[in-house]
Every structure is written in structure tokens, then in C-alpha cells.
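Trainee: I am new to this structure. Please pick one part of it and take me through that part closely, along with what lies around it.

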Amino acid sequence: MAETIGIGDSGLGTRDSGLGAGGSGLGARESGFGTGDSGLGASLVSLGNVSRIPLGQGRCYVVGADEIAVFRQRDGRLFATQNRCPHRGGPLSEGVMGGGQVICPLHSHKFDLQEGQGAEPGECLTVFVVEERKGEILLRVDSGRKAC
Ligand code: FES
């Protein structure tokens, strides 16, 4: 199922990206999310419990105006990149991931999740610092850097 999770002033919500079967209907507000009173610092955003992302899959989070894909590799390692593919905007969070790479679901271009480098010349992703702390996904929103 394609799921997009919104993080920000309006609380949590989901929306269908257009490729999947629909949103899961997470509508309830949850406290402690966003950049407000969490005490995490202005650039560190909690994206909620890591169990929201099944091992070997990605999820799209809307943080402010940005769509950020967070991937949870089978070994538990997390990666965060821009969600939209630089080729034609495919939703990378719905791609196939493994071995530190993601394959875009639209035209199968490959990207390295750690560095953001794409296999096609001139294509790369913005990558972000993300970590798990006590089961919570923490994203540093001001850490975005692009490989090309
Ligand atoms: S949109 Fe991603 S490979 Fe074309």
C-alpha cells in the first residue's frame, strides 16, 4: 500500500500517492510529533515509530512542504532521501530497495541511498541524516545534501 504520512502543524495524516491502493486512514492527531514542544531542536523532527516502516520498505513523509522518503533496510538501517525521482518525479518511497539502493517504480533508475548518487548521468538525490532512537525515527531536516 502506498502511504504518505504528513508531519507538521496540522498533525498526522495520510494520502494516496496515486500508485497504491489508498491511504490507511490515519487521521488521529498524535502528540509529540513535529518541531513543536518535543525538545528535539528546531531541525530534528520526529517521524514517529520506526515500526510504521516494514523492513525492506520505504514510506513517504511530508515535512513542511517537502516529501521525504525514509527507507528501512532489512538490517534495520535507515536512509532518508527526497521522495520524488529526479527523472520524472516517480515516488521513490514505493520503489524496490535493498543493498543500500532504491529502484524507482516508474522507469527503474537506481539510486544509492547513502550518497544519493544515481546510476544515470546527472541524476542524484538529496539525502538527509536520519536515525532511530528508542524506536523513534528522527530526521534532521536541515541536513539535506545533493550528490550532484
Ligand atoms: S521517474 Fe524515476 S526512473 Fe523515471
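Mentor: Start with one term. Two residues are in contact if their C-beta atoms, placed from the backbone, lie within 7 Å. Keep in mind, too, that this is a predicted model.

Now the setting. The protein has 11 strands and 0 helices. Read along the sequence, the pattern is therefore one β after another: β-β-β-β-β-β-β-β-β-β-β. There are 148 residues, and 33% of them count as buried. Take the contacts between residues at least 6 apart in sequence: 41% of these join residues at least 24 apart.

The part I pick is strand S5, which covers residues 66–72. Is S5 enclosed or open? S5 is largely enclosed by the rest of the structure, because 5 of its 7 residues are buried. A residue counts as buried here if 20 or more other C-beta atoms lie within 10 Å of its own.

Look at the partners of S5 next. On one side is S4. S4 and S5 run antiparallel and share 7 bridges. One of the bridged pairs is Val-62 with Glu-67 of S5. The two strands make a hairpin, with 2 residues between them. Gly-64 sits in that turn and has a positive phi of about 60°.

The other partner is S6. S5 and S6 are also antiparallel, and 5 bridges join them. Here Ile-68 stands opposite Gln-82 of S6. These strands form a hairpin as well, with 5 residues between them. In this hairpin Gly-76 takes a positive phi near 90°.

Now the core. In soluble globular proteins, nonpolar side chains tend to be buried together. In this model the largest nonpolar core has 26 residues. Those with the most contacts inside it are Ile-68, Ala-69, Val-70, Phe-71, Ala-80, Val-130 and Leu-139. Strands S3 (44–49), S4 (57–63), S5, S6 (78–82), S10 (126–133) and S11 (136–146) each give two or more residues to this core. S5 gives the most, with 4 residues.

Ala-80 shows how S5 joins the rest. Leave aside its neighbours within four places in sequence. Ala-80 is then in contact with Ile-68, Ala-69 and Val-70. Ala-80 also touches Val-127, Phe-128, Val-130 and Leu-139.

Ile-53 also reaches S5, from the loop between S3 and S4. Is Ile-53 buried or exposed? Ile-53 is buried, because 21 other C-beta atoms lie within 10 Å. Beyond its neighbours within four places in sequence, Ile-53 contacts Gly-58, Arg-59, Val-70 and Arg-72. Take Arg-72: 19 residues separate it from Ile-53 in sequence, yet their C-alpha atoms are 6.4 Å apart.

For contrast, turn to another part of the model. Strands S7, S8 and S9 form an open sheet in the order S7-S8-S9, with antiparallel pairing. S7 (96–98) and S9 (110–112) are at its edges, each with a single partner strand, so one side of each has no neighbour in the sheet. The twist averages 20° from one strand to the next. S8 (residues 101–103) and S9 are joined by 3 bridges. Gln-101 stands opposite Asp-112 of S9.

Back to S5 to finish. S5 pairs with S4 and with S6, and gives the most residues to the largest nonpolar core.

Conventions:
Residues are numbered from 1 along each chain as its sequence is written. This is a predicted model: local features need pLDDT of at least 70, side-chain atom pairs count only at pLDDT 80 or more; totals for chains, interfaces and linings use all residues. A nonpolar core is a set of buried Ala, Val, Leu, Ile, Met, Phe, Trp, Tyr and Cys residues joined through C-beta atoms within 7 Å. A residue is buried if 20 or more other C-beta atoms lie within 10 Å of its own, exposed if 12 or fewer, and partly exposed in between; C-beta atoms are placed from the backbone. Two strands pair if DSSP finds at least two bridges between them. Axes are lines fitted to C-alpha atoms, for helices over the stretch in contact, and angles run from 0 to 180 degrees between N-to-C directions.
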